[in-house]
Amino acid sequence: MRNIRFDWRWVGVIAVLVVLTNSGRLPWPVTALAVGAGGAWLLYMGWRVWMREAAARARA
């Protein structure tokens with residue numbers, strides 16, 4: 001049981017889901033911030049993968 005790893009990304013996903021679920025009760029800026037932050041994170045992760053693939057092709 002020592003090899004259990006905690007991944008903070010799941011906390012972020014759950015937080016965004018909670019915000020989206022309660023979007024009718026929360027102010028719109030909170031919902032927009034959650035969706036925007038999630039989208040920015042996805043773009044960042046996609047960019048990292050794309051650059052890693054480009055670097056692998058350049059070496060080949």
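**Close-up 1. L20 in helix α1 is partly exposed in this predicted model.** The relative accessible area of L20 is 39%. That value lies between the 20% limit for buried and the 50% limit for exposed, so L20 counts as partly exposed. L20 belongs to helix α1. Neighbours within four places in sequence set aside, L20 contacts T31 and V35. L20 and V35 are 15 residues apart along the chain. Their C-alpha atoms are separated by 8.2 Å.

**Close-up 2. T31 in helix α2 is buried.** T31 has 15% relative accessibility. Buried means under 20%, so T31 falls in that class. T31 sits in helix α2. Residues up to four places away in sequence are not counted here; beyond them, T31 touches V19, L20, S23 and L26. The contact with L20 also appears in the view of L20.

**Close-up 3. Helices α1 and α2 cross and meet through side-by-side lists of residues.** Helix α1 covers residues 8-21, and helix α2 covers residues 28-59. Their axes come within 9 Å. The crossing angle is roughly 145 degrees. α1 passes α2 in a left-handed crossing. From α1, the contact takes in R9, V16, V19 and L20. From α2, it takes in V30, T31, A34, V35 and W41. Seven residues of this contact are nonpolar, one is polar and one is charged.

**Close-up 4. The largest pocket is lined by residues of α1 and α2.** The space in the largest pocket is about 170 Å³. Its lining consists of R9, G12, V13, V16, L17, G38, G39, W41 and L42. α1 and α2 each supply at least two of the lining residues. α1 gives the most, with five residues. By type, the lining divides into five nonpolar, three polar and one charged. R9, V16 and W41 are named in this lining, and R9, V16 and W41 are also named in the contact of α1 with α2.

**Close-up 5. W8 in helix α1 is exposed.** W8 is found in helix α1. The relative accessibility of W8 is 64%. Exposed means over 50%, so W8 belongs to that class. W8 and N22 are 14 residues apart in sequence. From C-alpha to C-alpha, W8 and N22 are 22 Å apart in space.

Technical notes. Residues numbered from 1 in each chain as written. Predicted model: local features only at pLDDT ≥ 70, side-chain atom pairs only at ≥ 80, totals over all residues. Heavy atoms only, no water. Axes fitted to C-alpha atoms, helices over the stretch in contact; angles between N-to-C directions. Helix = DSSP H or I, 4+ residues; strand = E, 2+ residues; numbered from the N terminus. Left-handed = near helix turned anticlockwise from the far one by under 90°. Contact = heavy atoms within 4.5 Å. Nonpolar A, V, L, I, M, F, W, Y, C, P; charged D, E, K, R; others polar. Buried < 20%, exposed > 50% of the residue type's maximum accessible area, 1.4 Å probe, protein only. 1 Å grid on protein atoms, 1.4 Å probe; cavity = no way out; pocket = protein on both sides within 12 Å on 5 of 7 lines; lining within 4 Å. Points joined across faces, edges and corners; volume = space filled by probe spheres on them.
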